[in-house]
Amino acid sequence: MELLHYTFFQHALIGSLLASIVCGMIGTYIVTRRLVFISGGLTHASFGGVGLGLYIGIPPILSAAVFAILSAFGVEWLSKRQDMREDSAIAVFWALGMALGVIFTFLSPGYTPDLSAYLFGNILTITQSDIVLLAVLVVVLGLFFCFFLRTIVSIAFDSEFARSQGMPVTLFEYVMMMFIALSIVSCLRMVGIVLVISLLTIPQMTANLFSCRFGHIIGLSVGIGFLSCLAGLVLSFYTNVPSGASIIFFSILIYAGCKGWKSFRAYATCYINK
């Protein structure tokens, strides 16, 4: 294919694969643990770090990562207090991050920066440094899941039971929140702040239609996520529409198609058995 001769498209393919692996692992934990709303809050809170990076002149992805991790720890700490509900803690950091992002962006010296790449993403513009960040995260996450998969699964399905078995639940919850924050930031250039939460949930929801086993969901969601990225890349290249929106559009199409197929098979089986 002609597209494969372009360096930027090669980078996009590698980034798509790495991001699909990251989202496949951490997204399965998010969906199983029902942390989708928390992840959405961290996604928008990271915007504060983007604005701060633009204001003080450091790479926005780096400052977004620090801001997202601190927000994740803050949400986790506040949600465990008796005087603060979890959804209220999420709302605080969600609003704070967006407000600080807007303020710092408009205070940045020179021309007002173009935030569309961070809000909506453009995987065709990812650089080698973005790929290195994703590759490092894939290795670290892969090793962590390999060594502690049993503990992660126990906490994801029933944290109280895991605590009764003497597992360090609190420590693992903070570590997983850190990984969620890093996964969100690593995918900002792909699909943007507005849509990144979809990449962490929709492929997992689709995979869950075919399996309820944690490991199988990870594998299926990686494949579904990569397929969505490939289709979105091609659509974005030929129609010049934002790649982030294209990727999520195809991931939803895949989910709708699989859901419809499952429903049709269930109806047909029920009709035949009558």
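The following exchange concerns a predicted model and asks how several of its descriptions are justified.

Reader: Why is Ser 63 called buried?

Author: The relative accessible area of Ser 63 is 6%, and the term buried applies under 20%, so Ser 63 meets the definition. Its place is in helix 3, which covers residues 60-79.

Reader: What makes the side chain of Ser 63 a partner in polar contacts, and with which backbone atoms?

Author: A polar atom of the side chain of Ser 63 lies 2.4 Å from the backbone oxygen of Gly 49, and the side chain of Ser 63 also reaches the backbone nitrogen of Gly 53 at 3.3 Å. A polar contact requires a pair of N or O atoms within 3.5 Å, and both distances satisfy that limit. Not counting residues up to four places away in sequence, Ser 63 touches Gly 49, Val 50, Leu 52, Gly 53 and Ile 58.

Reader: How do you know that the buried residues of helix 4 line one face?

Author: The buried residues of helix 4 are Ala 89, Ile 90, Phe 93, Gly 97, Gly 101, Phe 104 and Thr 105. Seen down the axis of helix 4, these residues fall within an arc of 110°, so they line one face of the helix. As a general matter, an α-helix has 3.6 residues a turn, so residues three or four places apart point the same way. The buried residues of helix 4 pack against helix 2 (36-56) and helix 3, whereas the face turned away from the buried side carries the exposed residues Phe 106 and Leu 107.

Reader: What span does helix 4 have, and what span is expected?

Author: Helix 4, residues 86-107, has 22 residues and reaches 32 Å from its first C-alpha to its last, which is close to the 32 Å expected at 1.5 Å a residue.

Reader: Why does Cys 187 count as buried or exposed, given its relative accessibility?

Author: Cys 187 has 0% relative accessibility, and buried means under 20%, so Cys 187 counts as buried, although its place is in the loop between helix 8 (169-186) and helix 9 (188-199). Leaving aside neighbours within four places in sequence, Cys 187 is in contact with Ala 19, Cys 23, Gly 192, Val 196 and Leu 199. The C-alpha atom of Cys 187 is separated by 9.3 Å from that of Ser 16, with their positions 171 residues apart along the chain.

Reader: What makes Arg 34 and Asn 240 worth a remark on phi, and are they buried or exposed?

Author: Phi of Arg 34 is near 60°, a positive value in a residue other than glycine, and Asn 240 likewise has a positive phi of about 60° although it is not a glycine. Arg 34 lies in the loop between helix 1 (7-33) and helix 2, and Asn 240 in the loop between helix 11 (214-239) and helix 12 (243-273). Exposed means over 50%; Arg 34 has 77% relative accessibility and therefore counts as exposed, and Asn 240, with a relative accessible area of 70%, is exposed as well.

Reader: How many cavities of 30 Å³ or more are there, and which residues line the largest cavity?

Author: The count comes to two cavities of 30 Å³ or more, and the largest cavity has a volume of about 50 Å³. Its lining consists of Ile 61, Ile 126, Asp 130, Leu 133, Leu 134, Ser 186, Arg 189 and Met 190. Helix 6 (128-157) and helix 9 each supply at least two residues of that lining, and helix 6 gives the most, with three residues.

Technical notes
Residues are numbered from 1 along each chain as its sequence is written. This is a predicted model: local features need pLDDT of at least 70, side-chain atom pairs count only at pLDDT 80 or more; totals for chains, interfaces and linings use all residues. Side-chain values use heavy atoms; hydrogens and water are left out. Helices (H or I, at least four residues) and strands (E, at least two) are DSSP runs, numbered from the N terminus. Buried means under 20% relative accessible area, exposed over 50%, partly exposed in between (1.4 Å probe, protein chains only). A polar contact is a pair of N or O atoms within 3.5 Å; within protein, one must be able to donate a hydrogen and the other to accept it, and residues adjacent in sequence count only if both atoms are side-chain atoms. Contact means heavy atoms within 4.5 Å. The expected span of a helix is 1.5 Å times one less than its number of residues. The arc is that of the directions from the helix axis to the C-beta atoms. On a 1 Å grid over the protein atoms alone, a cavity is a set of points where a 1.4 Å probe fits but cannot get out, and a pocket is an open set with protein on both sides within 12 Å along at least five of seven lines; lining residues have an atom within 4 Å of a point. Grid points are joined across faces, edges and corners, and a volume is the space filled by probe spheres set on the points.
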